[in-house]
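Colleague: I should like to learn how the features of a protein model are read. May we work through one together?

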Amino acid sequence: MITVGVVMSNAYADYSSHIIRGLCRRAKEQENVNLIFFPGMLDSDLEQKQENRQAGGYGDAIEFVDVLIVSDQNMLQMLLECPEGSIFANVLERIPYMLLKDDAGKVLEQACALAEGRSVEIPEPEEVPDEDLFARPRLNKAQRRNRFERALEFAMKAHKGQVRKGSSVPYIVHPIETALIAMTLTRDQDIILASLFHDIIEDTGYSAKDIEDAFGSRVAHMVQMESENKRKGQDASETWKIRKQEFIDGLDHKSRDEKIIALADKLSNMRATRQGYLKNDEKFWERFHQKDKNMHGWYYRTVAEKLREYENTEAWKELDRLIWEVFEI
């Protein structure tokens, strides 16, 4: 019997129901596999001392684990830096581990192979020509383009009838522009599709499961990471600052792939903001739940600074320039 431990960061656990389902489904298919989840891990949990481990809620569970699946790079770094005497101190020196990937079945198979001391072969992604913006391993060029066309149809159906706030412009213009910006930053088609879908979960009747079923769990996960908790039933003007602060804080936990989507989204929004501001002057802000121009400036400038690792890209430079032109900050 193999016991697989799944260690998940607090941010990742909130957005990974589809991957958890996949792991559980695959484990159920294999009679010799047990799963132990360590969800919602925080620095305080990792630093819990050995003598107080029962109080931390994890008991001696870690001692039964044969192999670990770690949710993300940030979680891996936290495990590596656990202080001596803590529950997870040196755990990666004692237990083989691997990072969680998109295909839950393959990850579980590879984890079991590690636990049994067998070699794990992880295939390298195929080489992709620089000019091909729709690259995805195991799909030929025609299949990749067909997938993108299906994604366009999916997004247009999801946003049908919606318009940009305060205008008659079809909403679909924004997600398409966001995807086009993402194409200047990556050739990874999953990221491009997630950019196209980034508002679907929070603004339409479609769910992450709908996206997962049609385009895979990696795309669904990235869209979830971009989605805002709208706090339906509450006054949007009263929750605006809370929601924006949550997005800003969430950037600290996003992968580079997810930050590409955030950058593309905010640049598209700033393009529309500059155009609307030039046309309507100070009346422009009246169309929003937050009517204080300075608050919008705070939000966009803070997001841009959080994304400064992309400052050498044309997308970030344009975002920075537009923020200066509109808000003078």
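The dialogue below takes the features of this structure in turn.

Colleague: What should be established at the outset, and how many helices and strands does the protein have?

Modeller: Please keep in mind that this is a predicted model. The protein has 16 helices and 4 strands. Buried residues account for 48% of its 329 residues. Among contacts between residues at least 6 apart in sequence, 70% join residues at least 24 apart.

Colleague: How is a strand read, and which way do the residues of E1 point?

Modeller: One looks at the two faces of the strand and at its partners. In E1, Ile2, Val4, Val6 and Met8 point one way, while Thr3, Gly5, Val7 and Ser9 point the other way. Both sets are buried, and the strand, residues 2-9, is accordingly described as mostly covered, with 8 of its 8 residues buried.

Colleague: Which strand pairs with E1, and in what sense?

Modeller: E1 pairs with strand E3, residues 67-70, in the parallel sense over 4 bridges. Valine 4 stands opposite valine 67, and valine 7 stands opposite valine 70. E3 also pairs in the parallel sense with strand E4, residues 97-99, over 3 bridges. There, leucine 68 has tyrosine 97 of E4 as its bridge partner. Within E3, Val67 and Ile69 point one way and Leu68 and Val70 the other, and all are buried.

Colleague: How should I think about a helix, and how many residues of H12 are buried?

Modeller: An α-helix has 3.6 residues a turn, so residues three or four places apart point the same way. Helix H12, residues 217-226, is mostly covered, with 9 of its 10 residues buried. The buried residues are Ser217, Val219, Ala220, His221, Met222, Val223, Gln224, Met225 and Glu226.

Colleague: What is the general idea of a nonpolar core, and which residues touch the most other members of the largest one?

Modeller: In soluble globular proteins, nonpolar side chains tend to be buried together. In this model, the largest nonpolar core has 51 residues, and Phe197, Ile211, Val219 and Met270 touch the most other members. Helix H14 gives the most to this core, with 8 residues. A second, separate core of 16 residues includes Val65, Leu76, Leu79 and Cys82.

Colleague: Which residues does methionine 270 touch, leaving aside those up to four places away in sequence?

Modeller: With that exclusion, methionine 270 touches Tyr300, Leu319, Leu322, Ile323, Val326 and Phe327.

Colleague: How is a pocket described, and which residues lie nearest the centre of the second largest one?

Modeller: One asks about its space, its lining and the elements that supply that lining. The second largest pocket holds about 1,200 Å³ of space. It is lined by 42 residues, and Arg164, Lys165, Tyr171, Asn269 and Phe288 lie nearest its centre. The lining divides into 14 nonpolar, 12 polar and 16 charged residues. Helices H8 (173-183), H10 (200-203), H13 (236-250), H14 (256-280) and H15 (293-306) each supply at least two residues of it. The largest share, 11 residues, comes from H14.

Colleague: How is a loop residue read, for instance glutamine 30: where does it lie?

Modeller: One takes its place, its exposure and its contacts. Glutamine 30 lies in the loop between helix H2 (17-29) and strand E2 (33-41). It counts as partly exposed because its relative accessibility is 24%, which falls between the cut-offs of 20% and 50%. Not counting residues up to four places away in sequence, glutamine 30 touches Leu108, Glu109 and Cys112. Glutamine 30 and methionine 1 are 29 residues apart in sequence, and their C-alpha atoms are 10.0 Å apart in space.

Colleague: What does the backbone angle phi tell us?

Modeller: Most residues other than glycine have a negative phi. Aspartate 281 has a positive phi, near 55 degrees, and is placed in the loop between H14 and H15. Glutamate 328 also has a positive phi, near 60 degrees, and is found in the segment after helix H16 (314-327).

Colleague: Why does aspartate 281 count as partly exposed, and why does glutamate 328 count as exposed?

Modeller: Aspartate 281 is partly exposed because its relative accessibility is 46%. Glutamate 328 is exposed because its relative accessible area is 65%, and exposed requires a value over 50%.

Conventions: Residues numbered from 1 in each chain as written. Predicted model: local features only at pLDDT ≥ 70, side-chain atom pairs only at ≥ 80, totals over all residues. Heavy atoms only, no water. Buried < 20%, exposed > 50% of the residue type's maximum accessible area, 1.4 Å probe, protein only. Pairing = 2+ DSSP bridges. 1 Å grid on protein atoms, 1.4 Å probe; cavity = no way out; pocket = protein on both sides within 12 Å on 5 of 7 lines; lining within 4 Å. Points joined across faces, edges and corners; volume = space filled by probe spheres on them. Nonpolar A, V, L, I, M, F, W, Y, C, P; charged D, E, K, R; others polar. Core = buried A, V, L, I, M, F, W, Y, C linked by side-chain atoms within 4.5 Å. Contact = heavy atoms within 4.5 Å.
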